[in-house]
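Colleague: I would like to learn how to read the features of a protein model. Could we go through them one at a time?

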Amino acid sequence: MDVVELDRIAVQEASRVVESARDGDDGDWERDTPCAGWNLRRLVAHMTAQHHGFAAAARGVGGDPGYWWEQEGTAAPARAHRAAVDAVLGAFAEPGVLDREFVLPELGGGFPGRTAIAFHFVDYVVHAWDVAATVGVRLHLTDEVLTAALGVARHVPTDPTGRGPGFAFAPALKVAEGTGPLEETLRLLGREPQAWPGAGW
């Protein structure tokens with residue numbers, strides 16, 4: 001399975017769990033998430049903006065900060081997220097996308113398309129879990145997808161000076177021998193799955 005297909009599966013699953021969030025006064029949007037300091041509404045705003053930013057990067061305009069802007073407080077966050085999903089999956093499906101340079105300002109510059117989409121893929125496996133943990137549903141991702149995500153996660157630098165507040169990931173956590181691929185990915189990228197009993201892992 002190539003990285004574009006892996007990414008599509010992860011993004012669609014993340015969209016499924018976002019769309020399971022309940023609206024209303026007793027809904028899910030103000031719940032805390034595994035992303036420290038972010039409620040679900042803020043997390044989904046971030047996911048939405050990242051999709052638009054990566055779609056722009058795939059089309060050669062990722063250096064424009066306007067594409068990465070996070071619109072907080074939208075009245076229909078799941079609908080806005082679905083539109084962003086359609087945009088990024090459409091951009092990644094274009095011929096030749098793996099051979100393009102993606103400018104990703106948050107990561108410091110340009111990357112080959114294959115590498116950039118791998119970043120996006122592992123991010124959306126993790127964010128799918130973040131949302132699932134928040135709303136209390138299980139993920140539907142195959143072992144093949146989870147093993148591929150772990151392969152990417154193992155290459156993410158663990159230097160403490162590049163982890164924590166203001167960076168893409170929290171400091172890596174210890175991984176016990178025999179840990180499954182999803183839990184290992186989460187721990188390598190700074191998530192503590194044991195803190196979210198009943199979540200999809």
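Modeller: What follows takes the nonpolar core, the aromatic pairs, a helix and a pocket in turn. Keep in mind that this is a predicted model.

Colleague: Let us begin with the core. Which residues have the most contacts inside the largest nonpolar core?

Modeller: In soluble globular proteins, nonpolar side chains tend to be buried together. Here the largest nonpolar core has 57 residues, and Phe 102 and Val 125 have the most contacts inside it. Helices α1 (3-19), α2, α3, α4, α5 and α6 and strand β1 each supply at least two residues of this core. The largest share, 14 residues, comes from α4.

Colleague: What does Phe 102 touch, not counting residues up to four places away in sequence?

Modeller: Its contacts include Phe 54, Ala 57 and Ala 58, as well as Phe 92, Val 97, Phe 111 and Ile 117. Gly 109, Gly 110, Gly 113 and Ala 116 are also touched by Phe 102.

Colleague: Now the rings. How many aromatic pairs are there?

Modeller: The count comes to three aromatic pairs. One of them joins Phe 92 and Phe 102, with 6.0 Å from centre to centre and 50° between the planes, and is tilted. This pair links distant parts of the chain, since Phe 92 lies in helix α3 and Phe 102 in strand β1 (residues 101-104), 10 residues apart. Both Phe 92 and Phe 102 are buried.

Colleague: Why is the pair of Phe 111 and Phe 119 called edge-to-face?

Modeller: The label depends on the angle between the planes, and over 60 degrees counts as edge-to-face. The planes of Phe 111 and Phe 119 stand at 80°, so the pair is edge-to-face; the ring centres are 5.3 Å apart. Phe 119 has 29% relative accessibility and therefore counts as partly exposed.

Colleague: Next, a helix. Is α6 (residues 181-188) mostly covered or mostly open?

Modeller: Count its buried residues. In α6, seven of the eight residues are buried, among them Leu 182, Glu 183 and Arg 187. The buried residues pack against α4 (113-135) and α5 (143-153). Just after α6, Gly 190 takes a positive phi of about 90°.

Colleague: Last, the pocket. What is the volume of the second largest pocket, and what lines it?

Modeller: Its volume is about 180 Å³. There are 14 lining residues, and Thr 48, Ala 49, His 52, Trp 69 and Gln 71 are the closest to its centre. Helix α2 (40-58) and helix α3 (77-92) each supply at least two lining residues, and α2 gives the most, with six. By type, the lining divides into seven nonpolar, five polar and two charged residues.

Methods
Residues numbered from 1 in each chain as written. Predicted model: local features only at pLDDT ≥ 70, side-chain atom pairs only at ≥ 80, totals over all residues. Heavy atoms only, no water. 1 Å grid on protein atoms, 1.4 Å probe; cavity = no way out; pocket = protein on both sides within 12 Å on 5 of 7 lines; lining within 4 Å. Points joined across faces, edges and corners; volume = space filled by probe spheres on them. Helix = DSSP H or I, 4+ residues; strand = E, 2+ residues; numbered from the N terminus. Nonpolar A, V, L, I, M, F, W, Y, C, P; charged D, E, K, R; others polar. Buried < 20%, exposed > 50% of the residue type's maximum accessible area, 1.4 Å probe, protein only. Contact = heavy atoms within 4.5 Å. Phe/Tyr/Trp six-rings, centres within 6.5 Å; stacked < 30°, edge-to-face > 60°. Core = buried A, V, L, I, M, F, W, Y, C linked by side-chain atoms within 4.5 Å.
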